[in-house]
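Let's take a walk through this model together. Keep the sequence and the 3D view open as you read.

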Amino acid sequence: MRGFGFSKFTPNQIPKGGFEELLKLFLELLNYTAGDAGEALAWLNELDKQYNLTNDDYGMGDFIDELKQKGYLDEDKQNGGFNITAKTEQSIRQSALEEIFGKLKKSGKGNHRSPQSGQGDERNSERREFEFGDSLDQIDMTQSIHNAQVNHGIGDFMMTERDLEVEEMDYKTLTSTVLMIDISHSMILYGEDRITPAKKVAMALAELIRTKYPKDTLDIVVFGNDAWPITLQDLPYLQVGPYHTNTYAGLELATDLLRRRKTHNKQIFMITDGKPTCLKEGTKYYKNSIGLDRKVVNKTLNMAAQCKRLKIPITTFMIAKDPYLQQFVRKFTETNGGKAFYSSLNNLGEYIFEDYAKNRRKNVR
């Protein structure tokens, strides 16, 4: 008889006891509770009741004691609860990095390569004749001796300048990036949590830059009715507010931050799920959530054009599929000359990692 047979789903990825396994789950829960340790532990207790995460030898009380002993939790003596520590914040970022970027192919070490070669910083596979001004450490001695033997014979060995062959060098570039995160109310509407994947990607990108590209800079800007910068330490606690979407304010702040950077390569990554719906005019807010407001859209497009004049490309990661919103993003991208990705929440990190790592924004002069 044809058909489908259904049985009760039993997850096989649930950890079974031990501090390290429970810590991974605790760090993941902190992403969803915006850094609230008490709420994360309450959820962990419920999961323990349902899936028997602990046993008689190691219970939840033992896990909490070990969290405190190892510096992951501090007791809040005033409120009687727990607060996470700087060590926990770093562990959350490292966990996000491993989850999002860990399975992707790693690029070359150090900084980003530019398409231009010459007297740069890192050797590549290309070879050419020696030219005046090339440094001695660029000379490929093995190939140069081979050239001398071919050109002059081995009986009376001699080497001339024309026999010398040098290894081409790639320039290393520095990149200044501003990551803009939409925290308007729509990021949690329609039964879909969009803010948690967005901030996990931000934490992973920040940890990637800190460990792999330490000379690069990353500023993080959040935007709702207004826009303001946040620090790396603020990311685990980031939440959506009862805000509209003031994309113009976010771009204006991001541009101001990049103006202060002395690097050649500058870029803006913007994670959003909606259209711009808000402007600030003096002390008042102009808001319109119905359709695409001409006034809001035009001012936002003017800001995109200003970024283009400043040679700051904007890459938009759109995590919504509404056709009229995608039409706006296409117009926005055309105005700026940047890029747009219509991404699901599952592959958002992969898109951002690949676009950042390629760094094909500008040649070093």
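Start at a hairpin, where Glu281 sits across from Lys284 of strand β11. Strand β10 (residues 278–281) and strand β11 (residues 284–287) run antiparallel, with four bridges joining them. Two strands count as paired if DSSP finds at least two bridges between them. Two residues lie between β10 and β11, and one residue of the turn, Gly282, has a positive phi of about 70°.

Before going further, a word on what you're looking at: this is a predicted model, in which local features need pLDDT of at least 70 and side-chain atom pairs count only at pLDDT 80 or more, while totals for chains, interfaces and linings use all residues. Residues are numbered from 1 along each chain as its sequence is written, and side-chain values use heavy atoms, leaving out hydrogens and water.

Now zoom out. The chain's secondary structure comes to ten helices and 13 strands; these are DSSP runs numbered from the N terminus, with helices (H or I) of at least four residues and strands (E) of at least two. Of the 365 residues in the chain, 47% are buried. Buried means under 20% relative accessible area, exposed means over 50%, and partly exposed is in between, using a 1.4 Å probe and protein chains only. Take the contacts (heavy atoms within 4.5 Å) with a separation of 6 or more: 70% of them join residues 24 or more positions apart.

Gly282 has a positive phi, and you can also find positive values in residues that aren't glycine. Ala34, with phi near 55°, is one of these. Look for Ala34 in the loop between α1 (19–32) and α2 (37–51). Is Ala34 buried or exposed? Ala34 counts as buried, because its relative accessibility is 12%. Lys311 also has a positive phi, about 60°, and its place is in the loop between α8 (294–309) and β12 (314–318). Lys311 has 61% relative accessibility, so it counts as exposed.

Next, try two buried residues in regular elements. Ile209 lies in helix α6 (residues 195–212), and it counts as buried because its relative accessible area is 4%. Leaving aside residues up to four places away in sequence, Ile209 touches Pro214, Asp216, Leu218 and Tyr356. Tyr356 is 147 residues from Ile209 in sequence, yet their C-alpha atoms are 9.9 Å apart in space. Thr217, over in strand β7 (residues 217–223), has 18% relative accessibility and therefore counts as buried. With residues up to four places away left out again, Thr217 touches Thr175, Ser176, Thr177 and Arg261.

Finally, where is there empty space inside? Rolling a probe the size of a water molecule over the atoms shows where such space is left. The structure holds one cavity of 30 Å³ or more, and the largest cavity has a volume of about 60 Å³. On a 1 Å grid over the protein atoms alone, a cavity is a set of points where a 1.4 Å probe fits but cannot get out, and lining residues have an atom within 4 Å of a point. Which element supplies the largest share of the lining? That's α9, with three residues. Both β9 (265–272) and α9 (323–336) supply at least two residues each. Among the lining residues are Met270, Thr272, Lys275, Phe328 and Phe332.

Terms used. 1 Å grid on protein atoms, 1.4 Å probe; cavity = no way out; pocket = protein on both sides within 12 Å on 5 of 7 lines; lining within 4 Å. Points joined across faces, edges and corners; volume = space filled by probe spheres on them.
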